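I have a new model open and a blank notebook page. Here is what I looked up, entry by entry.

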Amino acid sequence: MRTFVIAEAGGTHDLDMGKALRLISAAKQSGADAYKLQYWCDSKRLAERRNAPELADLYERCRIPTWWVAELSEVARATGLAFMCTTYLPEDIHVVAPWVDRFKIASFESQDLHFVRAHQSFEKETIVSTGLCDEEAFWRLQDVTSVSRSWNLRFLHCVSAYPAPISALNLRAIGRYVLDGFSDHTTSLITGGLAVAAGAHILEKHLRLDDTDPANPDYDHSLPPMAFAEYVQNTRLAEAAMGDGRKTVAEAEAPWARYVVRP
């Protein structure tokens, strides 16, 4: 199965439309399948919703204009990439809905089950990160969305640390809880391939430009274009290595078949 790779731009455009457009090109050239933005209309309300009033100014410095969503959607789609956007406020879902091929819900909002459900009236695939969910929270999400496949919900394993240490990844959870993929906040180039080996078929990875401001809050857990391309290449190699799981004689083994000793 081909892994669906999402290039998460986050805020690495530095509120510069030129950089946002270059991120689309970098995502395409790196072999990603989708380009993703983050949108919220009101930074103060987002900070209040997350019980983090001290972050309101930071959110405002990263908040994109509404018109960017339509503009970048058209460019991404013309480039051959799916366009995605994370929403954080219920009132923003309908704003981005006409422009997205898939919705994304971040880990911090994944336990707001009314918010998750609010995406479903648009009948588009919704990808949900499950960082900061313990087993009880995860099963509650599963129970309430028990018709998730008909709802087009997909769940990603995630460790919500920025960057996330390798020792915290617990990638075995992908298979244990039959998760669809992995939202990767490490700076490793091999963790996407490891997640594929664990059963992931969706990967989300942060992408930045070489000239993204190092003070950008998404800088430390994002990969520059060349490293991102290597990450995707490693993912594709893992796909090839995993095969279909059926025990057969491989074509590459054919020259050696005559040496098999049989009773």
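**Entry 1: the overall fold.** I began with the strands and found a closed barrel of 8 of them, running β1-β2-β3-β4-β5-β6-β7-β8 with parallel pairing. Neighbouring strands of this sheet are turned by 25° against each other on average, direction ignored. For my own record, helices (H or I, at least four residues) and strands (E, at least two) are DSSP runs, numbered from the N terminus. Two strands pair if DSSP finds at least two bridges between them.

**Entry 2: what I'm working with.** This is a predicted model, where local features need pLDDT of at least 70, side-chain atom pairs count only at pLDDT 80 or more, and totals for chains, interfaces and linings use all residues. Residues are numbered from 1 along each chain as its sequence is written, and side-chain values use heavy atoms, with hydrogens and water left out.

**Entry 3: strand β3 and its neighbours.** I picked β3 (residues 82-87) and asked how many of its residues are buried. I got 6 of 6, so I call the strand mostly covered, buried being under 20% relative accessible area, exposed over 50% and partly exposed in between (1.4 Å probe, protein chains only). Then I looked at its two faces: A82, M84 and T86 lie on one side, F83, C85 and T87 on the other, and all are buried. A general note: in a regular strand the side chains alternate between the two faces of the sheet.

Next I followed the pairing. Strand β2 (residues 34-39) runs parallel to β3, and 6 bridges join them; A34 stands opposite A82. β3 also pairs in the parallel sense with strand β4 (residues 102-105), over 3 bridges. There, M84 stands opposite R102, and T86 has K104 as its bridge partner. K104 in turn stands opposite I127 in strand β5, since β4 and β5 (residues 126-129) pair in the parallel sense over 3 bridges. Further round, I found β7 (residues 181-184) and β8 (residues 202-206) paired in the parallel sense over 4 bridges, with L203 in β8 as the bridge partner of F182.

**Entry 4: the nonpolar cores.** Which residues have the most contacts inside the largest nonpolar core? I noted Y35, L37, L72, F83 and F228, in a core of 56 residues. Such a core is a set of buried Ala, Val, Leu, Ile, Met, Phe, Trp, Tyr and Cys residues joined through side-chain atoms within 4.5 Å. Helix α1 (residues 17-30) gives the most to this core, with 6 residues. A second, separate core of 9 residues includes L46, Y59, L89 and A106.

I then listed what Y35 touches, contact being heavy atoms within 4.5 Å. Not counting residues up to four places away in sequence, the partners of Y35 include A20, I24, L72, A76, F83 and M84.

**Entry 5: α1 against α4.** I checked how α1 sits on helix α4 (residues 66-79): they pack at an angle of about 30°, with their axes 10 Å apart. That makes α1 roughly parallel to α4, because angles under 35 degrees count as roughly parallel, over 145 as roughly antiparallel, 65 to 115 as roughly perpendicular and the rest as oblique. Axes here are lines fitted to C-alpha atoms, for helices over the stretch in contact, and angles run from 0 to 180 degrees between N-to-C directions. At this contact, M17, A20, L21, I24 and K28 in α1 meet W67, W68, E71, L72, V75, A76 and T79 in α4.

While in α4, I looked up S73. Is S73 buried or exposed? S73 is buried, with a relative accessible area of 0%. Not counting residues up to four places away in sequence, S73 touches W68, F83 and W99.

**Entry 6: the loops.** A200 is in the loop between α9 (191-197) and β8, and is buried at a relative accessible area of 5%. The C-alpha atoms of A200 and T3 are separated by 7.5 Å, with the two residues 197 apart along the chain. T3 is also one of the residues that A200 touches, and I174, D180, G181, F182 and A195 are on that list too, not counting residues up to four places away in sequence.

Where is P163? I found P163 in the loop between β6 (153-158) and α8 (172-176), and the peptide bond from Y162 to P163 is cis, with omega near 0°.

Last, I noted two residues other than glycine with positive phi. D14, in the loop between β1 (4-8) and α1, has phi near 55° and is partly exposed, with a relative accessible area of 26%. N51, in the loop between α2 (43-49) and α3 (56-62), has phi near 55° and counts as exposed at 70% relative accessibility.
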